[in-house]
Amino acid sequence: MSERHPIIAITGSSGAGTTSVTRTFENIFRREHVSAAVIEGDSFHRYERLEMKKRAAEAEQAGNQHFSHFGPDNNLFAELEALFDSYSRTGTGQRRRYLHDAEEAAPYRQPPGTFTPWEAVPEGTDLLFYEGLHGAVVTPEVNIARHPDLLIGVVPVINLEWIQKLYRDKKQRGYSTEAVTDTILRRMPDYVNYICPQFAHTHVNFQRVPCVDTSNPFIARDIPSPDESICVIRFANPKGIDFQYLLNMINDSFMSRANTIVVPGGKMELAMQLIFTPFIWRMMERRQRAIGAL
């Protein structure tokens with residue numbers, strides 16, 4: 001953790017909805033004139049797309065049915081922790097980009113599914129913002145969770161998470177239901193061992209819970225809308241959180257535990273704005289004081 005070079009990390013699995021949280025922070029950064037160095041978790045996968053497919057096929061032939069993007073063998077955990085550590089001390093570090101599609105790849109004149117070369121994070125940014133699978137991973141070799149100043153988990157109930165992944169991968173990427181189901185099954189051991197434990201380290205967790213039947217996610221025709229959901233927001237340390245203000249500002253919200261507020265699903269982004277804007281204010285105030293003390 002660092003006052004001069006703070007880090008915000010959003011962590012959640014594929015299909016969890018971390019993009020919604022990222023969009024909220026982008027709006028806060030723009031409104032509050034905060035310059036953020038943005039890091040996508042996919043850029044710390046170990047293999048490019050074609051190499052990953054090749055290795056997955058080899059693993060399956062060797063009897064390994066659980067080769068996935070979720071575990072340590074296929075990710076650069078040490079390099080991600082090194083970036084967090086370096087940025088917290090110096091305000092820079094090594095990063096690269098993963099080019100998901102042709103539009104992202106065009107400016108670099110590279111094929112989609114490849115990495116750009118490693119480069120230094122530009123100096124002079126106000127904070128580092130990470131969004132991906134592993135912002136709070138702790139293993140015997142690395143402890144990524146100890147670095148972020150604000151660590152946020154996005155973890156919808158599992159059936160909703162699968163519905164969101166199925167919908168995205170089928171509609172946007174052209175995969176079949178069978179292919180997405182196979183991916184979910186292959187990832188399950190790493191999901192249990194490397195995704196779920198992260199949410200014990202987060203400072204705030206957002207869990208969307210549908211209020212409609214999602215008992216069989218593999219036949220769902222659409223994603224339950226925000227208005228068909230509630231959002232459970234849990235604070236690891238509720239000290240300093242003005243729950244009464246949140247209850248007054250968000251209609252139909254209520255406290256379910258001393259550290260947990262429940263809001264209508266359609267108000268989730270409003271809740272994020274109300275919760276995290278003061279966090280950013282305090283973070284930037286501490287940063288200015290630390291810089292001024294040099």
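The following conversation goes through some strands and cavities of a predicted model.

Trainee: Why is strand S7 said to be largely enclosed by the rest of the structure?

Mentor: A residue counts as buried when its relative accessible area is under 20%, and 5 of the 6 residues of strand S7, which covers residues 127-132, are buried, so the strand is largely enclosed by the rest of the structure.

Trainee: What makes S1 and S7 a pair of strands?

Mentor: Two strands pair if at least two bridges are found between them, and strand S1 (residues 7-11) is joined to S7 over 5 bridges in the parallel sense. Strand S2 (residues 36-40) also pairs with S7 in the parallel sense, over 5 bridges.

Trainee: Which residue of S7 is the bridge partner of Glu40?

Mentor: The partner of Glu40 in S7 is Glu131, and Ile10 stands opposite Glu131 as well.

Trainee: How do you know that strand S9 is mostly covered?

Mentor: With buried meaning under 20% relative accessible area, 5 of the 7 residues of S9, which spans residues 204-210, are buried, and on that count the strand is mostly covered.

Trainee: In which sense, parallel or antiparallel, do S9 and S10 pair?

Mentor: S9 and strand S10 (residues 229-235) pair in the antiparallel sense over 7 bridges, and within S10 it is Cys231 that Arg208 stands opposite. Strand S8 (residues 150-154), by contrast, pairs with S9 in the parallel sense over 3 bridges, and the bridge partner of Ile152 in S9 is Val204.

Trainee: What makes an empty space a cavity, and how many cavities of 30 Å³ or more are found?

Mentor: A cavity is a space where a 1.4 Å probe fits but cannot get out, and the search of the whole structure finds 2 of 30 Å³ or more. The largest has a volume of about 90 Å³, while the second largest has about 30 Å³.

Trainee: Why are Trp162 and Met188 called lining residues of the largest cavity?

Mentor: Lining residues have an atom within 4 Å of a point of the cavity, and Trp162 and Met188 are among the residues that line the largest cavity, including also Ser13, Phe70 and Tyr191. Helices H5 (158-171) and H6 (177-195) each supply at least two residues of this lining, and H6 gives the largest share, 4 residues.

Trainee: How many residues of each lining are charged?

Mentor: The lining of the largest cavity divides into 5 nonpolar, 2 polar and 3 charged residues, whereas the lining of the second largest has 5 nonpolar, 3 polar and no charged residues. Gly41, Asn75 and His134 are among the residues lining the second largest cavity.

Technical notes:
Residues are numbered from 1 along each chain as its sequence is written. This is a predicted model: local features need pLDDT of at least 70, side-chain atom pairs count only at pLDDT 80 or more; totals for chains, interfaces and linings use all residues. Side-chain values use heavy atoms; hydrogens and water are left out. Buried means under 20% relative accessible area, exposed over 50%, partly exposed in between (1.4 Å probe, protein chains only). On a 1 Å grid over the protein atoms alone, a cavity is a set of points where a 1.4 Å probe fits but cannot get out, and a pocket is an open set with protein on both sides within 12 Å along at least five of seven lines; lining residues have an atom within 4 Å of a point. Grid points are joined across faces, edges and corners, and a volume is the space filled by probe spheres set on the points. Ala, Val, Leu, Ile, Met, Phe, Trp, Tyr, Cys and Pro count as nonpolar, Asp, Glu, Lys and Arg as charged, and the others, Gly among them, as polar.
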